[in-house]
Amino acid sequence: MAQPGLAACLEAVLGSRGNANRVYELLERLAAAAAEEEEEDVEEVLGALRACGRLFGALLERGELFVGRLPAEEAALAGGGSAEEKYRVWMRHRYNDCVGWLGELMGHGSFQVKELSLCTLMKFVELEAEYPLVKVEWKGSFTFPRELLKVVVDGLIPLNEDASLLISRFQEYMEYDDIRYFVMKAVTESIGQVMQKTKERPLPFYQQNIFSLISPINMPNKEIDLVKFMVKQDNREEWKVSKLQAHKQAFERMWLSFLKHKLPTGLYKKVLVILHDSILPYMNEPTLMIDFLTVAYGIGGAISLLALNGLFILIHQHNLEYPDFYKKLYSLLDPSIYHVKYRARFFHLLDLFLSSSHLPAYLVAAFIKRLSRLALTAPPEALLMVIPFICNLFRRHPACKVLVHRPNGPGDLSEDPYIMEQEEPSESRALESSLWELQSLQNHYHPDVARAAAILNLSLSEIEDDISGLLELSASELFDKEVKKSAATVPLEFEQVRGLFGKKNDIFAEHFSLD
């Protein structure tokens, strides 16, 4: 509810044009709150917001704001137009002032003020969609309050503060197909303007706010799904916003514009996690994402592991040719692969990349040797996964079995011709080596690991092992499995004991009886 003074002011302005100047009483409250010139009472600011929302909402419905290209205020008032036209122009300028202050208040210290400013602006968007302030050039043409929505978008993605809570409040409006479309266009425009000024320097708050705004976007799968519009149009089938291709194009440009700039490290991970499900399927040309994936792949660590998923989709589903892919994949094999959070996903993708029977033997042998060498320092839960993984590679590539069946092969590190530090798989001399590492694991302290490694002493079956259940095996699961094992009865003596002290004790008792 508006305070009595604000309510009286609102009634006066709406009741008579002679009281139009009292609109400044409302706008001054908004200006003071936006400028934070003094300690404002939040309830008073909220009251002024509600009053302005009601005032200009009513004026929009009445059609009392100037429609068309707005002339300069001083020139229009000094000109020879009618009093009616001058009033409409003047009040339209006051409406623009109000919109400007509402945009400023979306960065206010109080979330209540931010939220009400957002909702008031979106109410104006809805009203402008119904009562356009732009002249319709021809019958059947379409209008949308794009500039007003851009004020909202700019308020949602500030440069110096986290706006995720306000963005979550805005998500309900993104269900409208036309709102979503023009938000994507506005975000693309904002990125171009803001990031150009920073000279490629990351802006953590700004880029995180953009990600929070665009990552939950639910794109339609079919054109018939485009049915919910805030702007009601009679000939919707002729409207560009009703075309799925236009939405895909806006979506693609927005993401490409966002991802072409350097991101904070944490944001790379967040983007890569949703890339294969929420971004690539809705792009007209997914292969355009190769530049971003190449940059992410080169960062190293977990980010490189996550980039594999996107590269896999582009290579296998979109026939992308990626030079030196296996060389770069080979370079990712370091001790951390057995410990990282994304170990299961990495080995799942590695299994897919090494599944082709057309890969050269030297390449697969290099992967087998590096995995085996790194296995010497891996935890038991990782070893129980990687040993069957290596066995499956032998089944797919029989030419690599020479690593197991080489007589008089190297027995330890000092004799091994394999060059672990060599970045080029073809020059690592892996095929000249043997798997003495896995033979060493046959003496591992964990019996399950020793048993798994001993399988290489036998002839491998042709059927591959299913490792899907081992990819996410954890140390706690391994411990629980050991604890739940039933202990076998182990005989400690040849003759079974019949009593606590045995037969001799009985004789002793007879001789020294008290009876």
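**Exercise 1. At which residue does α14 bend, and by about how many degrees?**

Solution. This is a predicted model, and we can work through the helix in steps.

- Step 1: Find the helix. α14 covers residues 301-317.
- Step 2: Check its length. With 17 residues at 1.5 Å a residue, α14 should span 24 Å, and because its end C-alpha atoms lie 25 Å apart, the two values agree.
- Step 3: Look for the bend. The helix turns by about 25° at Gly 310.
- Step 4: Look at the cover around it. Of the 17 residues in α14, 13 are buried, so the helix is mostly covered.
- Step 5: Step past the end. Asn 319, just after α14, has a positive phi of about 55°.

**Exercise 2. Work out whether Cys 98 is in a disulfide, and whether it is buried or exposed.**

Solution. Start from the distance between sulfur atoms.

- Step 1: Recall the cut-off. A disulfide needs two cysteine sulfur atoms within 2.5 Å.
- Step 2: Compare. The nearest cysteine sulfur to Cys 98 belongs to Cys 52 and is 4.4 Å away, and Cys 98 is in no disulfide.
- Step 3: Count for the model. The number of disulfides comes to zero.
- Step 4: Judge the cover. Cys 98 has 0% relative accessibility, so this residue counts as buried.

**Exercise 3. Find where Lys 150 sits and say why it counts as buried.**

Solution. Lysine 150 can be placed first and then judged.

- Step 1: Place it. Lys 150 belongs to helix α7, residues 146-156.
- Step 2: Apply the cut-off. Buried means under 20% relative accessible area, and Lys 150 is at 12%, so it counts as buried.
- Step 3: List its contacts. Setting aside residues up to four places away in sequence, Lys 150 touches Ala 186, Glu 189 and Gln 193.

**Exercise 4. Which residues does Ile 274 contact beyond its neighbours within four places in sequence?**

Solution. Follow the chain, then look through space.

- Step 1: Locate the residue. Ile 274 is part of helix α12, which runs over residues 265-279.
- Step 2: Name the partners. They are Phe 211, Ser 215, Trp 255 and Ile 279.
- Step 3: Take one pair. Ile 274 and Ser 215 are separated by 59 residues in sequence, with their C-alpha atoms 8.1 Å apart.

**Exercise 5. Describe the chain as a whole.**

Solution. Now step back.

- Step 1: Count the elements. The chain has 22 helices and zero strands.
- Step 2: Take the buried share. Of the 515 residues, 48% are buried.
- Step 3: Consider the contacts. Among those with a separation of 6 or more, 73% join residues 24 or more positions apart.
- Step 4: Look at the surface. About 27,200 Å² is exposed, with 51% of it from carbon and sulfur atoms.

How values were computed. Residues are numbered from 1 along each chain as its sequence is written. This is a predicted model: local features need pLDDT of at least 70, side-chain atom pairs count only at pLDDT 80 or more; totals for chains, interfaces and linings use all residues. Side-chain values use heavy atoms; hydrogens and water are left out. Buried means under 20% relative accessible area, exposed over 50%, partly exposed in between (1.4 Å probe, protein chains only). Helices (H or I, at least four residues) and strands (E, at least two) are DSSP runs, numbered from the N terminus. Contact means heavy atoms within 4.5 Å. Accessible areas come from the Shrake-Rupley method with a 1.4 Å probe; for residues, only the protein chains shown count as cover. The expected span of a helix is 1.5 Å times one less than its number of residues. The bend at a residue is the angle between axes fitted to the seven residues ending there and the seven starting there.
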